[in-house]
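Take a look at the sequence and the 3D structure below. This report walks through ring pairs, charges over rings and salt bridges.

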Amino acid sequence: MGIIDENERLEELDKKYVWHPFTQMKEWLEEKPIIVAGGRDCFIKDIYGRWYLDGVSSLWVNIFGHRKKEIDDAIKEQLGKIAHSTLLGLSNVPAINLAEKLVQIVDSSFVHHPSSLTKVFYSDNGSTAVEVGLKMAFQYWKHRGADRKDSFLSLRNAYHGDTLGAVSVGGIDIFHKTFEPLLFKTFRAPSPYCYRCEIDREYPDCKIACLNKTEEILRAHADEIAALIIEPLIQAAGGMITSPRGYLKGMRELCDKYNILMIADEVATGFGRTGKMFACEHEDVVPDILCLSKGITGGYMPLAVTLAGRGIYDAFLGEFKDVKTFFHGHSYSGNPLACAAAIACLNLFEREEVIKSLKSKIEVLEAWLKEVLRLEHVGDVRNAGMMAGIELVRDKTTKETYGWEEKMGWKVAYHAREKGVFIRPLGNVVVIMPPLTISEQNLIQLLRVIKDSIVAVTEI
Ligand code: PMP
């Protein structure tokens with residue numbers, strides 16, 4: 001069979017058998033899909049040998065580019081020992097070593113308050129890291145005798161994953177509303193979406209008045225709430241919505257004042273994306289529970305952790321008959337191959353001084369965002385470090401949106417694809433989130449293509 005025949009066969013089989021996530025399959029069936037066959041550095045290669053700059057880090061996971069030697073080698077080395085063994089009733093070498101390393105990194109990241117996040121609970125994706133955090137917080141209060149804390153506080157526009165617990169604390173109607181009858185009760189705080197403020201105020205004159213609204217909820221319901229769950233600094237899937245400085249700290253203070261736990265979902269923001277190792281560091285906030293995944297393995301293997309403080313962990317200790325055990329676990333919890341990849345990834349963070357290297361790239365990105373804001377159909381630009389969003393609008397003065405069905409974000413993405421750049425939008429928000437080690441030259445190329453594509457699509 002010739003190479004073209006083989007490629008056509010793959011395209012046909014994909015359409016025949018694969019149901020793609022977050023994808024309207026009717027449209028997919030009418031399109032020519034990109035089928036990835038390889039990758040190198042910040043580029044992915046399709047089956048025809050065409051290369052694309054990976055502008056969204058293979059869905060926000062990749063840190064060091066594709067086929068990073070040190071991570072490849074770590075996985076191969078582990079493969080020579082064992083690929084998988086269970087963490088239920090057994091332990092394994094990489095899971096232990098990674099747990100120690102993570103605790104050390106978290107501890108040194110929160111310099112001003114030596115963090116007490118010393119217990120590492122493994123799972124295998126961002127949604128499960130969140131499920132674990134929610135269940136942990138819930139059961140913690142049961143052990144403490146606070147029986148009424150059966151609910152959570154979350155934010156509008158929040159996204160914490162697609163399992164039903166994570167969807168319960170999600171706040172994006174288009175993804176979550178359908179499942180409403182299946183979800184548990186959650187109180188919703190306003191989203192800190194300054195460009196479209198829910199309470200019609202303007203930053204900074206508002207003095208972050210959305211915190212007062214949140215306090216009203218807590219004043220009335222704190223004894224029913226186990227924890228606040230929050231994406232620190234930036235509500236990513238909600239549209240790269242950045243919160244104003246002081247918001248996160250304000251939320252931490254409210255949690256303390258009203259005696260609820262704070263769960264920081266750093267699945268997207270963790271591991272350098274915002275310019276620091278963890279987004280919470282920007283406001284000197286230490287959460288009670290920290291959820292991490294995505295970048296933890298440099299984008300190589302599915303792995304997640306939920307870190308908890310000693311106080312939470314201790315509340316679960318007891319006699320076997322007391323039934324205080326945390327009854328949660330997954331077949332692949334603490335998978336040795338994934339943990340080996342994560343250790344290599346964390347070593348690279350140190351060796352390549354990744355965080356330090358981001359400063360100049362963030363400056364390039366921010367200068368470019370300012371320029372893009374001048375375009376006729378760009379209403380707002382937002383970023384937290386290397387995570388950026390460009391909100392397209394039909395009318396800049398009225399902030400009138402394009403209809404969801406107009407697919408403006410997608411049109412920009414398709415245009416960029418023709419120019420060798422792969423990006424994936426969130427509705428009308430064009431998302432930029434390249435691997436952290438992207439060279440400045442490639443970053444500039446990525447931004448140039450995106451700007452050209454926005455102009456080509458919106459200014460016809
Ligand atoms: N939390 C946040 C903040 C996320 O951005 C995501 C994924 N985009 C998740 C949780 C869920 O992660 P996963 O897709 O690995 O389940």
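## Rings and charges

Ring pairs join Phe64, Phe110, Phe271, Phe278 and Phe349 into a cluster. Rings of Phe, Tyr and Trp (its six-membered ring) pair if their centres lie within 6.5 Å; planes under 30 degrees apart are stacked, over 60 edge-to-face, and the rest tilted. This is a predicted model: local features need pLDDT of at least 70, side-chain atom pairs count only at pLDDT 80 or more, and totals for chains, interfaces and linings use all residues. Residues are numbered from 1 along each chain as its sequence is written, and side-chain values use heavy atoms, with hydrogens and water left out.

The structure holds 11 aromatic pairs. One of them is Phe121 with Phe326, an edge-to-face pair with 5.2 Å centre to centre and 70° between the planes. This pair links distant parts of the chain, 205 residues apart. Phe121 is in strand 4 (residues 117–123), while Phe326 is in the loop between helix 11 (310–315) and helix 12 (336–351). Helices (H or I, at least four residues) and strands (E, at least two) are DSSP runs, numbered from the N terminus.

Phe326 counts as buried because its relative accessibility is 14%. Buried means under 20% relative accessible area, exposed over 50%, and partly exposed in between (1.4 Å probe, protein chains only). Phe271 and Phe278 form another edge-to-face pair, 5.7 Å centre to centre with 65° between the planes. Both Phe271 and Phe278 are buried.

Charges also sit over rings. This term needs NZ of Lys or CZ of Arg within 6 Å of the ring centre and within 35 degrees of the ring normal. The charged end of Lys119 sits over the ring of Tyr313, 4.2 Å from its centre. Lys149 lies over the face of Trp141, 4.8 Å from the ring centre.

Now the salt bridges. Each is a side-chain nitrogen of Lys or Arg within 4 Å of a carboxyl oxygen of Asp or Glu. The whole structure has 30 salt bridges. The table shows some, including these:

| Acid | Base | Closest N and O atoms |
|---|---|---|
| Glu180 | Lys177 | 3.3 Å |
| Glu215 | Arg219 | 3.9 Å |
| Asp452 | Arg448 | 3.4 Å |

Which partner is buried and which is exposed in the bridge of Glu215 and Arg219? Glu215 is buried, at 13% relative accessible area. Arg219 is exposed, at 55%. Glu215 and Arg219 are four residues apart in helix 9 (residues 210–221), so about one helical turn separates them.

Asp452 and Arg448 both lie in helix 15 (residues 440–458), also four residues apart. Shared partners join the salt bridges of Arg196, Asp380, Arg382 and Glu391 into one network.
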